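Trainee: I am new to this protein and would like a careful look at one part of it, together with the parts that lead on from there. Could you take me through it slowly and explain each term as it comes up?

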Amino acid sequence: MADTTSPQPHRFPLTQLSEEEQIFQQTVGSFAREALLPHVKDMDEKGLFDTKIIEQFFELGLMGIEIPNSLGGAGSNLFMSVLAVEELSRIDASAGVIVDVQNTLVNNGILRWGTEEQKQHYLPLLASQWVGAYALSEADSGSDAFALSTRAEKTNDKFILTGRKLWTTNGLEASLFVVFANAAPEKGYKGITAFLVERDFTGFSVGKKEDKLGIRASSTCELILDKCEVPQSNVLGEVGKGYQVAIEVLNEGRIGIGAQMIGVAAGALEFAVEYSKQRHAFGKPISSFQGIQFPLADMDTELEAARLMVYNAARLRDAGQKFIIEAAMAKYFSSVVAEKVTSQAIEICGGYGYTKDFPVEKFFRDAKIGKIYEGTSNMQLATIARLLLQ
């Protein structure tokens, strides 16, 4: 029997890729299969990501894809980030989200809103050694993202931040955090401000690490801001413009989550296909039965549709065109497809699929978060409907 624990390269070339993009995709895919895959099961069980693999992410240039060459990055675009996140997530969604948050939320936020001084100081670090994190959510501020209780009080030359953040991806590993706090509560959401907070700033600490259903190796942590001192020069954007920073960055981040979901679905589908060729029943491989063929065909069709939606949203963004509704559609649909495909993959693999001996149960667990973070499915539908009805 062939080795079904090692997903093979794509069965056919993906659509819409240039030669450069195909080479990049193949490079990341090979790295994921050879360097990442052997550690996935252990990292998932321990709920801890191997820091040596993160070091390899930096060495491959995966943590600074859109950062200009002059600042130590790859000088590329969002579409390349999408390809990287997809390929990593075919093997491990935790790896995909680490690279995704770094590129689409943290680096992108600084590239779009940072001062020249902030770019010169932080982007080389983020391209070479610093993991970044994005801290918006709180206990009572999830989908209602701007009901923040974290406060920022201005003194002579700094801001004093007080409050707690929840659900912060990369919290355990990060050296730099994009933190949102309200500097003028009387102005409502127009007082919200984004800050660049370094891990060793006075009054900052990382609290509880969550024990999660899926993407277990990716750290999700509480942040504690106990009169945290942040230099005034570390305001990202303008005071009171944090809501705009958050909205614009998250619109692009959702494309990255879409990439993660199609990667998860692809990994599960490819395993199910290979298993169906090897598992025999009634003297035949189960792949010869329509009861297996038709679900596989349906899974493949919906995955390709989701992939095209994600790619299209990324292409629109890189071309400077409007992409908000396309990003919302891509995130919504890809998360639906990932949940469906990973569930069906378990059924195709039968009893083995329900055990931890096969990776499909992990793909299933990892898929669920796609409907929740960086905007729930209902929030994506609300965005789509609002823009549709304008």
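Mentor: I will begin with one serine and then move outward to its neighbours, to some packed helices and to the cysteines. The model is a predicted one, in which local features need a pLDDT of at least 70 and side-chain atom pairs count only at pLDDT 80 or more, while totals for chains, interfaces and linings use all residues. Residues are numbered from 1 along each chain as its sequence is written, and side-chain values use heavy atoms, with hydrogens and water left out.

The serine is Ser 94, found in helix α4, which covers residues 93-113; helices (H or I, at least four residues) and strands (E, at least two) are DSSP runs, numbered from the N terminus. Ser 94 has a relative accessible area of 1% and is therefore buried, a word that stands for under 20% relative accessible area, with over 50% called exposed and the range between partly exposed (1.4 Å probe, protein chains only). Leaving aside residues up to four places away in sequence, Ser 94 touches Phe 49, Ile 215, Arg 216, Ala 217 and Ser 218, where contact means heavy atoms within 4.5 Å. With one of these, Ser 218, the side chain of Ser 94 makes a link to the backbone nitrogen at 3.3 Å. That is a polar contact, a pair of N or O atoms within 3.5 Å, of which, within protein, one must be able to donate a hydrogen and the other to accept it, and residues adjacent in sequence count only if both atoms are side-chain atoms.

Another of the neighbours, Ile 215, sits in the loop between β6 (204-209) and β7 (220-231), and at 5% relative accessibility Ile 215 is buried as well. Its phi is positive, about 30°, although Ile 215 is not a glycine. Most residues other than glycine have a negative phi. Trp 167, in strand β3 (residues 158-169), also has a positive phi, near 60°.

Ser 94 also leads to a distant stretch of the sequence, since its C-alpha lies 8.1 Å from that of Asp 366, although the two are 272 residues apart in sequence. Asp 366 belongs to α9 and, with Val 360, Phe 363 and Ala 367, meets Met 261, Val 264, Gly 267, Ala 268 and Phe 271 in α6. Helix α6 (residues 242-278) and helix α9 (residues 360-367) pack at about 160° with their axes 9 Å apart; axes are lines fitted to C-alpha atoms, for helices over the stretch in contact, and angles run from 0 to 180 degrees between N-to-C directions. The pair is therefore roughly antiparallel, the word for angles over 145 degrees, whereas under 35 is roughly parallel, 65 to 115 roughly perpendicular and the rest oblique.

Finally, the structure holds zero disulfides, a disulfide being a pair of cysteine sulfur atoms within 2.5 Å. Cys 228 is in none, and the nearest cysteine sulfur, that of Cys 221, is 16 Å away. Cys 228 is buried, at 0% relative accessible area, and Cys 349 is buried too, at 2%.
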